[in-house]
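Hi everyone, thanks for coming along. Let me put the structure up on the screen, and then we can walk through it together.

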Amino acid sequence: MTTFKSGNISLTQIEEFVWEIPRSGDMIVPARIFASETLLEQISQDKTLEQLKNTASLPGIQKYAICMPDGHQGYGFPVGGVVATDANNGCISPGGVGYDINCGVRMIKTNLSYSDLRGKEESLGKLLFNKVPAGLGKGGVLNTSLEDIEEILSLGVEWALSNGYAVPEDLDFCEDRGRRTDADPTKISLRAKQRGKNQVGSLGSGNHFLEVQRVVEIFREDVAHSYGLSQDQIVVLIHTGSRGLGHQTCTDYLRKIEMEHATLLSKLPDKELAAAPSGSQLASDYYAAMCACINFAWTNRQIITYAVRLVFEELFNKPWEDLGMDLLYDVAHNIAKKEFHMVNGTQRELFVHRKGATRAFPAGNPELPSAFKTVGQPVIIPGSMGSDSYILRGGDASLDLTFGSTAHGAGRILSRTKAKKLFKASEIQAKLKEQNIHVTATLDATISEEAPGVYKDVSEVVNISDFLGIGDKVARTYPVVNIKG
């Protein structure tokens, strides 16, 4: 039996790529990590394993605490963490969602090939950089009022549709059709709404990006065909979330929960696990506020989509519809959701926390659009600005192993501080240009912080997902133009 030890935490390999921290102390369930030995070694360099073990102490947790192969240290929960708690006799934790509520990705298809774009990369990069605000605190594509924000928080992408920024098919191919109906804008502070007011249609900073890519490899021809993907096709990937509005909402509720549920907090191994008990007023309020932030983030990505379509229209002198710029799918990373799952042979309603993890429902799931019912949900796994990204489909084993979840990206192995010391922006840009990758950013520091060497090997992360059957490889893409804050 293979074992792995990191500090005072010991793991046992129970099958290939599956490691377990047995129950001990306050743990209610075991913790499981899906990783190769190489990735496990990287994961163990920070507090990821300690944080994962701590989450196994949350009231009402079911089966086991989970860490995906892209896992790294986060706030309370590890990024890459999946925790399901009983929705009626458990808890909900803002740390299990994160500050950037519904940070997520969407992919826009085109009918362009790479040869259609050659020679236009610099022009496309400039147009996108000028049309889509990027960077810390920058404005948005739209100049929205507080009244608009109230409607966006309630309606999500339906607001974009009614105001001419979306088409009906955009809702069809967005998780939850781009709207959480449990949202309640009255549960979000005025300060949070003011922070979001001028950020509708904006990338923000950090690891968020807008990237034009080309499809370089197809793994499952039948699924790729169903998704409308083909070799050498140009696609666009958008990665951003709820911006300052989501951050403020998380901060607001963490403080409220710490004050009102101090007794529960005192029993947990880390104050960053602050949780509201199921059935409490704060659990209800946080869930309604979080759902509203989720709606804001989906609308944010939709408005960026609107701007991207206009840019392609300008560059190629054709309507975006003629360029085939349809949405493949939009998936959330940082969310919690009430879902029904089988636990020990019984269907139970759970709060499924996905912190830096992607929903990956398999074929046949009733929540999927009709176009994906027989093939499974598209899952988009971005790499770094110098590496591949992947399109997967929800795997048949995902519901049993991970509550219908898989990884969300490559996962960091270096802090931003270390990255800035090791990498120079000018050298990175020059090296990427040699690889025909054109990068534009608001700040040089962002390029250094997001250098390809900062991340784990996304291919290894994806191969583990594929091997375990939680997310099956469909296609691989490669960057052409990248915009960062």
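Let me start with a question: is glutamate 217 buried, partly exposed or exposed? Keep in mind that what you see is a predicted model. Glutamate 217 has a relative accessible area of 29%, so it is partly exposed, given that buried means under 20% and exposed means over 50%.

Now, its partner. Glutamate 217 makes a salt bridge with arginine 476, and the closest N and O atoms are 2.9 Å apart. Arginine 476 belongs to strand β20, residues 471-484, while glutamate 217 belongs to strand β9, residues 209-218, so this contact ties together parts of the chain 259 residues apart in sequence.

That is one salt bridge, and the whole structure has 26. Here is another: lysine 337 with glutamate 367, again with the closest N and O atoms 2.9 Å apart. Lysine 337 is in strand β13, residues 335-343, and glutamate 367 is in the loop between β15 and β16, so the parts tied together here are 30 residues apart in sequence. On accessibility, lysine 337 counts as buried at 9%, whereas glutamate 367 counts as partly exposed at 38%. These two residues also belong to a network of salt bridges that links Asp176, Arg180, Lys337, Arg359 and Glu367.

A third pair is arginine 393 and aspartate 472, with 2.7 Å between the closest N and O atoms. Arginine 393 sits in strand β17, residues 389-394, and aspartate 472 in strand β20, so the pair bridges 79 residues of sequence. Both arginine 393 and aspartate 472 are buried.

Let's move to helix α12, residues 281-316. With 36 residues at 1.5 Å a residue, the helix should span 52 Å, and the end C-alpha atoms are 53 Å apart, which agrees. Of those 36 residues, 29 are buried, so mostly this helix is covered. Just past the helix, asparagine 317 has a positive phi of about 55°.

Helix α12 also brings us to the aromatics, and there are 12 aromatic pairs in the structure. Tyrosine 165 and tyrosine 306 are one of them, in an edge-to-face arrangement with 4.9 Å centre to centre and 80° between the planes. Tyrosine 306 is in helix α12 and tyrosine 165 in the loop between α6 and α7, 141 residues apart. Tyrosine 306 counts as partly exposed, at 26% relative accessibility.

Phenylalanine 312 and phenylalanine 316 make a stacked pair, 5.9 Å centre to centre with 20° between the planes. Both are in helix α12, four residues apart, which is about one turn of the helix. Phenylalanine 312 is buried at 0% relative accessibility, and phenylalanine 316 is buried at 14%.

Elsewhere, Phe173, Tyr227, Tyr329 and Phe372 form one aromatic cluster. For those of you who like a charge over a ring, arginine 214 lies over the face of tyrosine 114, 4.3 Å from the ring centre.

Last stop: strand β3, residues 18-21. Which way do its side chains point? Val18 and Glu20 point one way, Trp19 and Ile21 the other, and all are buried. Strand β3 pairs antiparallel with β2 over three bridges, and antiparallel with β4 through four bridges. In the hairpin of β2 and β3, phenylalanine 17 has a positive phi near 70°.

Thanks for listening!

Notes. Residues numbered from 1 in each chain as written. Heavy atoms only, no water. Helix = DSSP H or I, 4+ residues; strand = E, 2+ residues; numbered from the N terminus. Expected span 1.5 Å × (residues − 1). Buried < 20%, exposed > 50% of the residue type's maximum accessible area, 1.4 Å probe, protein only. Salt bridge = Lys/Arg side-chain N within 4 Å of Asp/Glu carboxyl O. Pairing = 2+ DSSP bridges. Phe/Tyr/Trp six-rings, centres within 6.5 Å; stacked < 30°, edge-to-face > 60°. Lys NZ or Arg CZ within 6 Å of the ring centre and 35° of its normal.
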